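Trainee: I would like to learn how to read a pocket and the ligand inside it, going step by step from the empty space to the contacts.

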Amino acid sequence: MISPSLLSANFANLEAEMKWFNQSCADWLHIDVMDGVFVPNISFGFPVLKHVARICRKPLDVHLMIVQPEKFVNEVKALGAYLMNVHYEACTHLHRVVGQIHEAGMKAGVTLNPATPVCVLEDIAADVDLVLLMSVNPGFGGQKFIPHTLEKVKELRRLLDRTGSRALIEVDGGVNLETGRQLKAAGADVLVAGSYIFSAPDPSRACELLSGL
Ligand code: DX5
Ligand code: ZN
């Protein structure tokens with residue numbers, strides 16, 4: 001599956017972006033929320049996303065790069081989000097947060113930074129619907145893919161099998177046709193792509209190419 005990242009869209013014309021996006025083969029819309037604390041950047045917040053959610057016709061895959069993400073479960077729910085991704089590194093009580101996301105009627109995803117090993121998921125894997133592996137340090141679009149992520153995808157696949165988890169594996173950062181192909185071969189289910197899709201002369205076509213890998 002493909003989840004294009006809104007972070008690389010033209011913010012001055014989000015309506016036009018949603019037009020091609022709604023008709024494209026994209027599966028989800030990936031939404032990167034940043035707070036300038038958990039990551040060294042600020043993107044957009046709920047007042048903007050409310051309008052994007054209104055015109056987006058595909059499930060929202062919300063990636064919160066913020067401290068204390070549990071404070072915003074209701075706001076993410078109000079967007080009508082399908083999936084709420086929280087960072088492992090941002091949650092002291094991850095099990096509780098996953099429960100809160102489920103109670104709110106959303107799928108729960110846990111995200112790992114590049115330096116966080118897959119093994120920390122051993123005791124939570126069976127409770128989550130998706131694991132998002134960061135293949136760049138979060139905060140910015142257009143960064144270079146960290147090749148070690150390929151090993152992490154394989155290791156995560158083994159951990160999910162061992163723990164009886166049915167969680168999907170999503171990868172985010174530096175995804176293009178080359179890294180996308182490698183990630184798929186390693187066992188990734190969902191590819192997030194920002195600059196590769198939105199900077200392409202024909203974003204819809206770029207999405208098709210990734211989707212066809
Ligand atoms: C990075 C974000 C990514 C970003 C990916 O902090 O989580 O979703 O938009 O952008 P690309 O695909 O350009 O690396
Ligand atoms: Zn993201």
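**Reading the pocket and its ligand**

Mentor: Sorted by class, the residues that line the largest pocket of this predicted model comprise 14 nonpolar, 14 polar and three charged ones.

Trainee: How is empty space found in general, and how much space lies in the largest pocket here?

Mentor: Rolling a probe the size of a water molecule over the atoms reveals where empty space remains. In this model the largest pocket holds about 370 Å³ of space, and among the 31 residues that line it, Val136, Gln143, Gly173, Gly174 and Val175 are the closest to its centre. The elements that contribute two or more residues to this lining are E2, E3, helix H6 (177-186), E8 and helix H7 (195-198).

Trainee: Where does ligand 1 sit, and which elements give two or more residues to the shell around it?

Mentor: Ligand 1 sits in the largest pocket, and the elements that give two or more residues to its shell are strand E2 (29-34), strand E3 (60-65) and strand E8 (190-193). E2 gives the most, with three residues, while the shell as a whole divides into eight nonpolar, ten polar and two charged residues.

Trainee: Which atoms of Gly139, Asp172 and His63 lie by an oxygen atom of ligand 1?

Mentor: For Gly139 it is a backbone N or O atom, 2.7 Å from a ligand 1 oxygen, whereas for Asp172 it is an N or O atom of the side chain, also at 2.7 Å from an oxygen of ligand 1. A polar side-chain atom of His63 lies 3.3 Å from an oxygen atom of ligand 1. The protein covers 100% of the 380 Å² of accessible area that ligand 1 has on its own.

Note on methods:
Residues are numbered from 1 along each chain as its sequence is written. Chains are lettered from A and ligands numbered from 1 in the order in which they are written. This is a predicted model: local features need pLDDT of at least 70, side-chain atom pairs count only at pLDDT 80 or more; totals for chains, interfaces and linings use all residues. Side-chain values use heavy atoms; hydrogens and water are left out. A polar contact is a pair of N or O atoms within 3.5 Å; within protein, one must be able to donate a hydrogen and the other to accept it, and residues adjacent in sequence count only if both atoms are side-chain atoms. Accessible areas come from the Shrake-Rupley method with a 1.4 Å probe; for residues, only the protein chains shown count as cover. On a 1 Å grid over the protein atoms alone, a cavity is a set of points where a 1.4 Å probe fits but cannot get out, and a pocket is an open set with protein on both sides within 12 Å along at least five of seven lines; lining residues have an atom within 4 Å of a point. A molecule sits in a cavity or pocket if more than half of its atoms lie within 2 Å of its grid points. Helices (H or I, at least four residues) and strands (E, at least two) are DSSP runs, numbered from the N terminus. Ala, Val, Leu, Ile, Met, Phe, Trp, Tyr, Cys and Pro count as nonpolar, Asp, Glu, Lys and Arg as charged, and the others, Gly among them, as polar. Grid points are joined across faces, edges and corners, and a volume is the space filled by probe spheres set on the points.
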